Amino acid sequence: MSYILCGLYNLIYQIATIAFLFFANTYLNSFLIPDSLKWRDGKLREDLVGLATAQTIILLIEAALLMLVIFYINKRFLFGVAKTDNSNNIALWTAGVYGFITVAFIVFLIYTAFK
């Protein structure tokens, strides 16, 4: 039963993380990126490589921080509640799968934003 609960909250966390990253990329990250990467002389730049690079770096940092959070949550849950001996390995694999799915989402998000 505890493994089902672990899988369920990991799935919910993955969905919430993707929703947060989408929201952050759309609304919050613009506060961190200078306007000079998007605008030049009051007009939208033709070359948005700097903007895309800055957005990608910020999203990857946010994803890495969120991956650390789920790693520590999984490790503590598996060690304390599920009482598994290899909680660190399971938490690492879960974080790896989480990271792959999240990076694939970031690549898709950046690709569609600048296509």
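**Exercise 1. Locate Thr17 in the predicted model and characterise its surroundings.**

Solution.
Step 1. The secondary structure is assigned to the residue: Thr17 is found in helix α1, which covers residues 2-28.
Step 2. Next comes solvent exposure. The relative accessibility of Thr17 is 3%; because buried means under 20%, Thr17 counts as buried.
Step 3. The polar side chain is then examined. One of its polar atoms lies 2.7 Å from the backbone oxygen of Tyr13.
Step 4. Finally, contacts are listed without residues up to four places away in sequence: Thr17 touches Leu66 and Tyr98.

**Exercise 2. Determine which residues touch the most other members of the largest nonpolar core, and which helices supply this core.**

Solution.
Step 1. The largest nonpolar core has 16 residues, and Leu21, Leu59 and Ile106 touch the most other members.
Step 2. At least two residues of this core come from each of α1, α2 (49-80) and α3 (87-113).
Step 3. Helix α2 gives the most, with six residues.
Step 4. Ile106 serves as an example: with residues up to four places away in sequence not counted, Ile106 touches Leu21, Leu59, Leu60 and Ala63.
Step 5. Another core, of five residues, lies apart from the largest one; Ile33, Leu48, Ala54 and Ile58 are among its members.

**Exercise 3. Test the length of α3 against the expected span, and state what its buried residues pack against.**

Solution.
Step 1. Helix α3 has 27 residues, so at 1.5 Å a residue it should span 39 Å.
Step 2. The end C-alpha atoms of α3 are 38 Å apart, which agrees with the expected span.
Step 3. The buried residues of α3 are Ser87, Ala91, Ala95, Tyr98, Gly99, Thr102, Phe105, Ile106, Leu109 and Ile110.
Step 4. An α-helix has 3.6 residues a turn, so residues three or four places apart point the same way.
Step 5. The buried residues of α3 pack against α1 and α2.

**Exercise 4. Compare the overall dimensions of the protein with those of a compact globule.**

Solution.
Step 1. The protein has three helices and two strands, and from the N terminus on its elements run α-β-β-α-α.
Step 2. For 115 residues, a compact globule would have a radius of gyration near 13 Å, whereas the protein has 18 Å.
Step 3. The extents of the C-alpha trace along its principal axes are about 60 × 20 × 20 Å.
Step 4. Of the 115 residues, 33% are buried.
Step 5. Among contacts with a separation of 6 or more, 71% join residues 24 or more positions apart.
Step 6. The accessible surface comes to about 7,900 Å², and carbon and sulfur atoms account for 72% of it.

**Exercise 5. Classify Gln55 and Asp41 as buried or exposed, and describe the setting of each residue.**

Solution.
Step 1. Gln55 lies in helix α2.
Step 2. With a relative accessibility of 12%, Gln55 counts as buried.
Step 3. Gln55 and Asn29 are 26 residues apart along the chain, and their C-alpha atoms are separated by 7.2 Å.
Step 4. Asp41 is found in the loop between β1 (39-40) and β2 (43-44).
Step 5. The relative accessible area of Asp41 is 76%; because exposed means over 50%, Asp41 is exposed.
Step 6. Phi of Asp41 is near 55 degrees, a positive value in a residue other than glycine.

Terms used: Residues are numbered from 1 along each chain as its sequence is written. This is a predicted model: local features need pLDDT of at least 70, side-chain atom pairs count only at pLDDT 80 or more; totals for chains, interfaces and linings use all residues. Side-chain values use heavy atoms; hydrogens and water are left out. Helices (H or I, at least four residues) and strands (E, at least two) are DSSP runs, numbered from the N terminus. Buried means under 20% relative accessible area, exposed over 50%, partly exposed in between (1.4 Å probe, protein chains only). A polar contact is a pair of N or O atoms within 3.5 Å; within protein, one must be able to donate a hydrogen and the other to accept it, and residues adjacent in sequence count only if both atoms are side-chain atoms. Contact means heavy atoms within 4.5 Å. A nonpolar core is a set of buried Ala, Val, Leu, Ile, Met, Phe, Trp, Tyr and Cys residues joined through side-chain atoms within 4.5 Å. The expected span of a helix is 1.5 Å times one less than its number of residues. The radius of gyration is taken over C-alpha atoms; the globule rule is 2.2 Å times the number of residues to the power 0.38. Accessible areas come from the Shrake-Rupley method with a 1.4 Å probe; for residues, only the protein chains shown count as cover.
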